[in-house]
Structures are given as C-alpha cells and as structure tokens.
Amino acid sequence: MSQTVVIPKGLSQAGKDYLKDHGLETIELADLHEENILAQAPNADGIVLMMDPFRVETAQKMPNLKVIARHGVGYDNVDPAAMEKAGVWVTITPNANASTVAETTLAEMLDLSKNLTAISSHMRRGEFGYKSQHMGFDLGGKKLGIMGFGRIGRMLAQKVSGLGMDILIYDPFVKQTDVGTLVDRETLFKEADVITLHMAVTPENTNGIGKQEFAAMKSTAVLINLGRGALVDQPALLAALKTGEIGGAALDVFDEEPLPLTSEFYSLNNVLLTPHIASNTTECMSRMAVDAASEVVRVLDGKQPQWPVNHVAKD
C-alpha cells in the first residue's frame with residue numbers, strides 16, 4: 001500500500017509533483033483544520049502543514065503519522081517536544097523564504113516611509129491634496145533597528161546597506177557582525193527610526209513589545225512586523241498609534257488572522273496593513289513546497305530530515 005501525505009489545496013504544483021514523483025499519494029484538503037484531517041485522512045503518513053494549529057492529541061489519533069513538515073520557518077502552531085514524544089518529526093523550511101521576507105520587509109519600509117499605499121488610495125478617490133498633509137520621510141541618514149539576526153535579519157541588513165542607513169542589531173545570541181552594530185535592547189528602542197522584527201516567538205518574548213517599549217521609542221519612529229503577531233502587544237500598539245506616541249507601523253501578522261474587518265487598525269492612517277504576504281511570491285512558494293515535500297520524502301524513506309526542530313529516535 002502506498003504511503004499518503006495530506007497537503008493543502010493551495011500547495012505549489014512543484015511540491016505536489018515532488019511528492020508524486022517519489023511515489024507518494026497525496027490527499028488535498030481545502031483546509032487543514034484538525035477535524036477535517038481526521039475525517040478525511042486519519043491514516044496519513046505525513047502532513048505538509050501551513051498555518052493551521054495541529055495538536056499532539058490529533059497526532060495521537062493518526063496511527064501512521066511520522067512527519068509534519070511546516071511550510072515555512074515558524075512552528076508556533078505545533079509543539080515539537082510533544083510531537084517528539086509521540087514519535088512524529090516536525091520540520092521547517094529555513095532556506096526557502098529568507099531572501100523573499102527580507103525583500104518584503106524592505107518593500108514595506110519604503111512604502112511606509114513614503115506613504116505610497118495611503119497616497120495612492122486617496123488619489124483613486126480624487127483626493128489629490130492628501131499628499132500635502134501626509135508627507136513621508138527619508139530613510140537615508142536614519143537608523144534601522146533589526147531585532148533578530150538570523151537568516152532574514154542578516155539578508156535585510158545586506159539589502160539595506162546601500163540606502164545610507166545606520167544599522168542597529170539586537171540579538172542576544174549573536175556576538176559579532178560585519179554588518180551594522182550590535183546594541184542592547186534598550187538602545188535599539190531609544191535610537192532607531194525604523195524597527196523591524198525577525199525573532200521566533202518564545203515564552204519569554206510573547207507580547208514582549210508593548211507599552212514600555214512604545215514609550216521608549218521616538219515619536220517619529222515606526223515599527224514593522226513581518227515575524228509573528230504574538231511578538232507585539234496589539235492593544236498597546238493600537239493605543240500608541242492612535243495617540244501618536246509612535247509615528248506608524250507596517251503589520252503583516254496579527255493575533256488573529258485574517259485580521260477581522262472590525263479591527264480598529266483599519267481606521268488608522270498611520271499603519272500599513274498586509275495579509276501575511278511576507279513570503280508571497282511564486283518563487284518562494286515553490287521553494288517552500290519542494291523543501292517541505294523533500295522532508296516528508298526523507299522521513300518516509302526512513303532517513304533523518306535535513307531541517308528538524310525535534311528528534312525522533314529510531315525504533
């Protein structure tokens with residue numbers, strides 16, 4: 001009997017082809033809610049998982065499950081330690097999206113600094129004078145604060161290096177860098193004109209950027225979050241934006257996704273909102289799909305995965 005893999009319907013064709021070319025049967029689901037997987041593919045051997053939560057209790061109801069391959073870098077929607085105890089590998093795709101996310105971060109920096117989306121939207125409504133009351137600011141000569149200096153943070157620093165910005169870096173695990181200057185957390189919030197977040201979510205930093213941090217920032221400074229919504233205290237950010245305590249924000253991730261249309265963020269003219277598009281390019285989606293698929297193939301072939309975030313001992 002052939003082995004089966006649950007995949008999201010929107011998975012790039014390159015990933016689907018990779019699985020089929022390696023002899024695996026795929027079960028495409030319109031959504032990967034746990035109850036849907038249990039109803040339609042309880043005997044699956046592997047799952048390519050996007051953003052849907054997947055609990056160990058669900059894995060325990062799937063007797064053949066050996067691998068959950070995250071389509072991306074974050075894995076806060078699955079518990080690797082619990083899955084390890086259940087005998088299920090959890091993998092990520094760390095090399096597939098770093099450059100794309102860095103590019104998208106740079107695009108949102110440029111958009112936010114020049115009010116491009118806001119001015120364009122008002123122009124379409126015939127409000128040609130909007131630009132005069134909502135001028136942008138230059139990035140040259142300003143300070144960029146990068147929080148989290150892994151693959152994405154490093155690529156962003158390299159891409160920004162030609163803009164004439166001073167680059168400040170905060171990452172407690174990084175001891176040296178040949179791009180920018182390592183600073184402490186307090187200095188970054190106090191001095192940076194643009195702050196961008198590229199950390200993994202941990203118990204220590206969940207909602208870790210809040211009222212105190214916004215109070216420390218310049219009133220003209222802007223925050224960019226393409227990491228995870230849980231990094232920021234959203235009510236505190238909303239208050240800081242409404243009162244002008246900080247200059248603005250570009251947000252691609254939220255506590256609840258998609259962001260409900262009832263959210264007050266939509267009413268603010270100093271925030272750029274995007275629906276989790278940091279890696280939303282054809283090339284990146286193809287790379288992530290193939291890398292996730294390759295991890296499924298390795299595990300189901302009895303090999304160790306290349307990018308695991310837990311470890312399952314062989315029987």
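**Cavity and pockets of the predicted model**

Asn 225, Gly 229, Val 232, Gln 234, Leu 237, Leu 251, Val 253, Phe 254 and Phe 265 line the largest cavity (on a 1 Å grid over the protein atoms alone, a set of points where a 1.4 Å probe fits but cannot get out; lining residues have an atom within 4 Å of a point). Its volume is about 40 Å³ (the space filled by probe spheres set on the points, which are joined across faces, edges and corners). The count is one cavity of 30 Å³ or more. Six lining residues are nonpolar (Ala, Val, Leu, Ile, Met, Phe, Trp, Tyr, Cys and Pro), three are polar (the others, Gly among them) and none is charged (Asp, Glu, Lys and Arg).

The model is predicted: local features need pLDDT of at least 70, side-chain atom pairs count only at pLDDT 80 or more, and totals for chains, interfaces and linings use all residues. Residues are numbered from 1 along each chain as its sequence is written, and side-chain values use heavy atoms, without hydrogens and water.

The largest pocket (an open set with protein on both sides within 12 Å along at least five of seven lines) holds about 1400 Å³. Its lining comprises 49 residues; Val 73, Gly 74, His 198, Met 199 and Ala 200 lie nearest the centre. Helix H8 (151-160; helices are DSSP runs of H or I, at least four residues, numbered from the N terminus) gives the most, with three residues. The lining has 26 nonpolar, 15 polar and eight charged residues.

The second largest pocket has a volume of about 660 Å³. Of its 28 lining residues, Leu 112, Asn 115, Asn 269, Asn 270 and Val 271 are the closest to its centre. H6 gives the most, with four residues.

Methods:
Helix = DSSP H or I, 4+ residues; strand = E, 2+ residues; numbered from the N terminus.
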